[in-house]
Amino acid sequence: MTKLLHRTIGATLPRAVSGQGVTITDSDGRAYIDGSGGAAVSCLGHNHPEVLAAMTTQMNAISYAHTSFFTTDVAEELAQRLTALAPDSLDHVYLVSGGSEAVEAALKMARQYFVEIGQPQRRHIIARRQSYHGNTIGALATGGNAMRRAQFQPILPETHHVSPCYAYRDLQTGETHAQYAARLADELEAKIQELGADQVMAFVAEPVVGATLGAVPAVEGYFKRIREICDRHGILLILDEVMCGMGRTGTIFAFEQEGVVPDLVTIAKGLGGGFQPIGAVLLSRKIFAAFRDGSGLFQHGHTYIGHPIAAAAANKVVEILTRDGMMAHVNAMGDRLQSGLETALGQSPYVGDIRGRGLFRGIEIVADKDSKDPFDPKLKTYAKIKKAAIARGLLCYPMGGTIDGVHGDHVLLAPPYICTPHDIDQIVDRIAAAI
Ligand code: PMP
């Protein structure tokens, strides 16, 4: 009887023994195409030689230096690289060890910012239903996934939720995208008025919704309206790019495609490309200035933040992402994946929608294409698809169930950016067969 606690108690899982490029091999010698990069993590595939070399070099120099004593060249370099890629106003970086930690740090930065500028009453966080922002208690409470929150109620009372921007399910007949964006903006405005505009601290959203909905981008103009509302009320806009950031959608930051700049952005997953847990928060000049001119301290910290080996890995990942036409390749492979899926599955009575950006694509599974009715959650259709895909040597990221009682099943695909046209065609063939 194993002593290792798995997420699903008692699960028997294959043992991963090696990873190379887009392929993972298990202890029985079975090879799987990593069509989801784990959970949108392995953006450069497995064991990228240049990242391994950068980590080894750093490991031989120094592998740990507590941030209360030292900074390191690699951590400083990473901050330079990230801010050089970000809009001008996002000019500082705080390094953390993962996605939840990044969200947690961003929330605390927002809270401390308002304390520093003399508005401590601002404590409410508004996020969106059916969202996921991490598993630590603040990030979990921010997420609007009723199923995940249920066992931990009463959870932080200052967290509130409005509708996500989810055109496939929510766009009304005859409604334009602009009208839909305006309707959602009105809903947010009403929520802010209900809570008191000077009591709200932050609005949190994923630019392209990943795990919970399956690569759902917002309609055009939605984020511009959100930005305008936040500005009007002095509310901070936190964009969570833990999953959709670092080139996943074909631009380094997904928000670049929305024409807005957040006050804080969280990144993780692809930042380390699967090496050494790492994440970061990019914060705007005005937040940095409030800390500097106020208490002179950010009241936060974890033992492993700014870890030199993690920073060395991330530096190399970011360098590779920004060279040799990598983003053009992500877009070309993403287009191939989208059109391949449309050809293979467009006529399927069980596929309601195929969407996404770059190498971040989602397939929405329905029981009835016309009514868009999902399958009964008890059938666990998403789990059956996962099993069928694994049997065909494909790793994908299906999700489903009753997230607030409305959403059904979907499959998320997020292959490594180094994938070839042949890999994409294999992914399409296998997922189509599995579905
Ligand atoms: N935010 C988003 C949008 C995520 O997708 C995730 C992870 N799935 C997290 C936060 C939490 O990241 P981690 O699992 O690294 O803590």
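A residue counts as buried here if 20 or more other C-beta atoms lie within 10 Å of its own. Keep that cut-off in mind for the first stop, and remember throughout that this is a predicted model.

**Stop 1: strand β17**

Select residues 409-413, which make up β17. Five of its five residues are buried, so to speak a strand that is mostly covered. Now look at the side chains: D409, V411 and L413 point one way, while H410 and L412 point the other way, and all of them are buried.

Next, bring in the neighbours. Add residues 360-365, strand β14, which is antiparallel to β17 and joined to it by five bridges. Then add residues 397-399, strand β16; its pairing with β17 is antiparallel too, over three bridges. Zoom in on L412: in β17, this residue is the bridge partner of G362, and also of Y397.

**Stop 2: the open sheet**

Now show β1, β2, β3 and β15. They form an open sheet of four strands in the order β1-β2-β3-β15, with mixed pairing. Which strands stand at the edges? They are β1 (16-20) and β15 (394-395); each has a single partner strand, so one side of each is left without a neighbour in the sheet. Inside the sheet, pick β2 (residues 23-26) and β3 (residues 31-34), which run antiparallel and are joined by three bridges. To find one of the pairs, click I24 and look across to Y32 in β3, its bridge partner.

**Stop 3: V216**

Head over to strand β9 (residues 216-217) and select V216. Buried or exposed? V216 has 25 C-beta neighbours inside 10 Å, so it counts as buried. Leaving out residues up to four places away in sequence, V216 touches Y166, V208, V209, R355 and G362. You have already met G362, as the bridge partner of L412. For a distance check, pick the C-alpha atoms of V216 and Q130: they are separated by 12 Å, with the two residues 86 apart along the chain.

**Stop 4: around the ligand**

Select the ligand and expand to its surroundings. There are 15 residues around it, and the closest are G98, G99, S100, V242 and M243. Which helix gives the most to this shell? Helix α4 (residues 99-116) does, with three residues. Colour the shell by class and you get seven nonpolar, six polar and two charged residues.

**Stop 5: two domains and their contact**

Colour the chain by the domain assignment: domain 1 is 16-47 + 325-434, and domain 2 is 52-321. Their C-alpha centres lie 25 Å apart. Across the contact, 38 residues of domain 1 meet 32 residues of domain 2. On the domain 1 side, α1 (37-40), α12 (326-345), β13 (351-357), β14 and β17 each supply at least two residues. That side divides into 17 nonpolar, 14 polar and seven charged residues.

**Stop 6: the largest nonpolar core**

Finish with the largest nonpolar core, which has 129 residues. Which members touch the most others? Select A110, L264, A280, V281 and A313. Domain 1 and domain 2 both give residues to this core, so it lies between them. In soluble globular proteins, nonpolar side chains tend to be buried together. For a last close-up, centre on A280: beyond residues up to four places away in sequence, A280 touches L82, V93, Y94, L95, V96, A102, I267 and L271.

Methods: Residues numbered from 1 in each chain as written. Predicted model: local features only at pLDDT ≥ 70, side-chain atom pairs only at ≥ 80, totals over all residues. Pairing = 2+ DSSP bridges. Buried ≥ 20, exposed ≤ 12 C-beta atoms within 10 Å, placed from the backbone. Near = placed C-beta within 6 Å. Nonpolar A, V, L, I, M, F, W, Y, C, P; charged D, E, K, R; others polar. Contact = placed C-beta atoms within 7 Å. Core = buried A, V, L, I, M, F, W, Y, C linked by C-beta atoms within 7 Å. Domains from an automatic or database assignment.
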